[in-house]
Amino acid sequence: MMRKCPACDKSFKYVLVDNIDARTDRLGNGIVYKAITFSCPYCGAVLSVQLDPLAVNADLVKKLRK
Ligand SMILES: [Zn+2]
């Protein structure tokens, strides 16, 4: 399966993962979730963002222990 970057049109076999905060408020007064971005390894264009599944799991375990 070929994966092509929509920004630079290069095909890639992996993506770069980075951490980013996903906020419900622009000023940071709301809820802040831990999220991750998937970026093109060549031009750095962000291809996708999603909540960090590891952080979501860690939060869930914390809540269940209470
Ligand atoms: Zn690219």
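**Notes on a predicted chain with one helix and three strands**

1. Helix 1, which covers residues 53-65, is hardly covered by the rest of the chain, for among its 13 residues the count of those that are buried is 0. This is a predicted model, and every remark below should be read with that in mind. From its first C-alpha to its last the helix reaches 18 Å, which is close to the 18 Å expected at 1.5 Å a residue. As you look along the helix, it may help to remember that an α-helix has 3.6 residues a turn, so residues three or four places apart point the same way.

2. Turning to the chain as a whole, the protein has 1 helix and 3 strands, and, read from the N terminus on, these elements run β-β-β-α. The C-alpha trace spans about 45 × 30 × 15 Å along its principal axes. The radius of gyration is 15 Å, whereas a compact globule of 66 residues would have one near 11 Å. Buried residues make up 2% of the 66 residues in the chain. Of the contacts with a separation of 6 or more, 34% are accounted for by residues 24 or more positions apart.

3. How are the strands arranged in the sheet, and is their pairing parallel or antiparallel? The 3 strands form an open sheet in the order 1-2-3, and the pairing is antiparallel. Strand 1 and strand 3 are the edge strands, since each of them pairs on one side only. From one strand to the next the twist averages 30°. As background, strands of a sheet pair through backbone hydrogen bonds, either parallel or antiparallel.

4. The two pairings can be followed residue by residue in the structure. Strand 1 is joined to strand 2 by 8 bridges, and one example is Asn19, whose bridge partner in strand 2 is Ile36. Strand 2, residues 32-39, is joined to strand 3 by 5 bridges, and these two strands also run antiparallel. Ile36 appears here again, with Gln50 as its bridge partner in strand 3, while Ser39 has Val46 as its bridge partner in that strand. The hairpin of strand 2 and strand 3 has 6 residues between the strands, and within the hairpin Gly44 takes a positive phi near 80°.

5. Is strand 3 largely in the open or largely buried? Of its 6 residues, 46-51, the number buried is 0, so the strand lies largely in the open. Leu51 is found in this strand, and Leu51 counts as exposed because 12 other C-beta atoms lie within 10 Å, where a residue is called exposed at 12 or fewer. Leaving aside its neighbours within four places in sequence, Leu51 is nonetheless in contact with Ala22, Tyr33, Ala35 and Val56. Leu51 and Ile20 are 31 residues apart in sequence, yet their C-alpha atoms are 9.1 Å apart in space.

6. The segment before strand 1, a strand that covers residues 16-23, contains Ala7. With 14 C-beta neighbours inside 10 Å, Ala7 counts as partly exposed. When its neighbours within four places in sequence are left aside, the contacts of Ala7 are Cys40, Cys43 and Ala45. From Ala7 to Leu64 there are 57 residues in sequence and 42 Å in space, taken from C-alpha to C-alpha.

7. Asp9 also has its place in the segment before strand 1, and its backbone deserves a careful look. Most residues other than glycine have a negative phi, and most peptide bonds are trans. Asp9 has a positive phi of about 70° although it is not a glycine. Is Asp9 buried or exposed? Asp9 is exposed, because 10 other C-beta atoms lie within 10 Å of its own.

How values were computed. Residues are numbered from 1 along each chain as its sequence is written. This is a predicted model: local features need pLDDT of at least 70, side-chain atom pairs count only at pLDDT 80 or more; totals for chains, interfaces and linings use all residues. Helices (H or I, at least four residues) and strands (E, at least two) are DSSP runs, numbered from the N terminus. A residue is buried if 20 or more other C-beta atoms lie within 10 Å of its own, exposed if 12 or fewer, and partly exposed in between; C-beta atoms are placed from the backbone. Two residues are in contact if their C-beta atoms, placed from the backbone, lie within 7 Å. The radius of gyration is taken over C-alpha atoms; the globule rule is 2.2 Å times the number of residues to the power 0.38. Two strands pair if DSSP finds at least two bridges between them. The expected span of a helix is 1.5 Å times one less than its number of residues. Axes are lines fitted to C-alpha atoms, for helices over the stretch in contact, and angles run from 0 to 180 degrees between N-to-C directions.
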